[in-house]
Amino acid sequence: MGYWKSKVLPKIKKVFEKNGIKKAAAADSCKSFDDSKEEINKEFEEKKVELQPKVTEIYEASSTEIKTLVKEPKEAGLKKHSVQVHKFLEELVKIEFPGSKPVSEASSKYGAALIPGPVFFVFEKVSTFIVTEEKPAEEAAPPVPEAETKPAGEETSDRKEREIVIEEEKKEEIIVAVPEAVAKTEPAVEEKTELAAAPPASTEPAKEEPPKP
């Protein structure tokens with residue numbers, strides 16, 4: 001217990017005190033940066049045209065993680081990739097990107113994760129130079145032609161016309177079928193009339209005439 005109190009506990013306290021001091025200093029740095037945003041914005045607008053190709057070159061050479069953070073800044077990603085973020089800020093300092101120098105210095109002292117506000121402010125300015133490539137819209141399928149809808153009156157009249165045509169066709173079939181049936185029955189009728197006209201054959205034997213004297 002004596003060793004714990006004399007050796008281990010003081011070291012733990014120093015770590016917490018150091019972290020507390022570090023966080024406080026980082027908060028002061030963020031506040032100081034916020035006060036200079038107006039001046040940074042003014043400088044950014046003046047150098048915008050000049051910075052365009054330089055920023056694009058640095059961005060294209062960056063890792064996928066940095067590109068993602070520039071487009072979608074999140075504190076979780078900032079903590080996870082703080083080292084890469086600091087390197088990216090150093091590249092921006094080389095081209096004298098407005099606001100990058102104080103942010104890079106604060107990142108070196110306290111870590112990028114403790115100064116998210118200034119870092120994301122610089123990233124937002126960088127994102128204005130990035131052209132987001134949109135996927136070409138898929139060719140829309142040709143619209144299916146809608147069925148022509150006729151008024152109820154027209155539909156009824158069309159239906160009646162169709163029914164009349166069908167009835168007439170049926171009548172024509174019946175008219176054509178009747179003469180054929182009559183023609184088939186006529187020979188039989190003629191045969192019957194011929195048979196009726198012919199005298200019935202006699203079945204009695206012919207009488208013999210007596211011999212003459």
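Student: Is Glu 50 buried, exposed or partly exposed, and what is its relative accessible area?
Tutor: In this predicted model, local features need pLDDT of at least 70 and side-chain atom pairs count only at pLDDT 80 or more, while totals for chains, interfaces and linings use all residues. Residues are numbered from 1 along each chain as its sequence is written, and side-chain values use heavy atoms, with hydrogens and water left out. Buried means under 20% relative accessible area and exposed over 50%, with partly exposed in between (1.4 Å probe, protein chains only). Glu 50 is therefore partly exposed, its relative accessible area being 48%.

Student: Which residue shares a salt bridge with Glu 50?
Tutor: A salt bridge here is a side-chain nitrogen of Lys or Arg within 4 Å of a carboxyl oxygen of Asp or Glu, and the N to O distance for Glu 50 is 3.7 Å. The two partners lie 4 residues apart in helix H2, so about one helical turn separates them, helices being DSSP runs of H or I with at least four residues, numbered from the N terminus. With a relative accessible area of 35%, the partner is also partly exposed, and this partner is Lys 54.

Student: Which residue is linked with Glu 43 and Lys 47 in a network of salt bridges?
Tutor: Lys 47 and Glu 43 pair with their closest N and O atoms 3.2 Å apart, and they too are 4 residues apart in helix H2. Both count as partly exposed, Lys 47 at 22% and Glu 43 at 28%. The further member of their network is Glu 96.

Student: How far apart are the closest N and O atoms of Lys 37 and Asp 34?
Tutor: Lys 37 has a relative accessible area of 27%, whereas Asp 34 has 40%, so each is partly exposed. Their salt bridge brings the closest N and O atoms to a separation of 3.4 Å.

Student: How many residues of helix H7 are buried?
Tutor: Helix H7 runs over residues 116-127 and reaches 16 Å from its first C-alpha to its last, close to the 16 Å expected (1.5 Å times one less than its number of residues). Its buried residues include Val 119, Phe 120, Val 122, Phe 123 and Val 126. Of the 12 residues in H7, the number buried is 9.

Student: Which residues of H7 does Leu 92 touch?
Tutor: Contact means heavy atoms within 4.5 Å, and residues up to four places away in sequence are not counted. Leu 92 touches Ile 58, Phe 97 and Ser 100. From H7, which spans residues 116-127, its contacts are Val 122 and Val 126.

Terms used:
Helix = DSSP H or I, 4+ residues; strand = E, 2+ residues; numbered from the N terminus.
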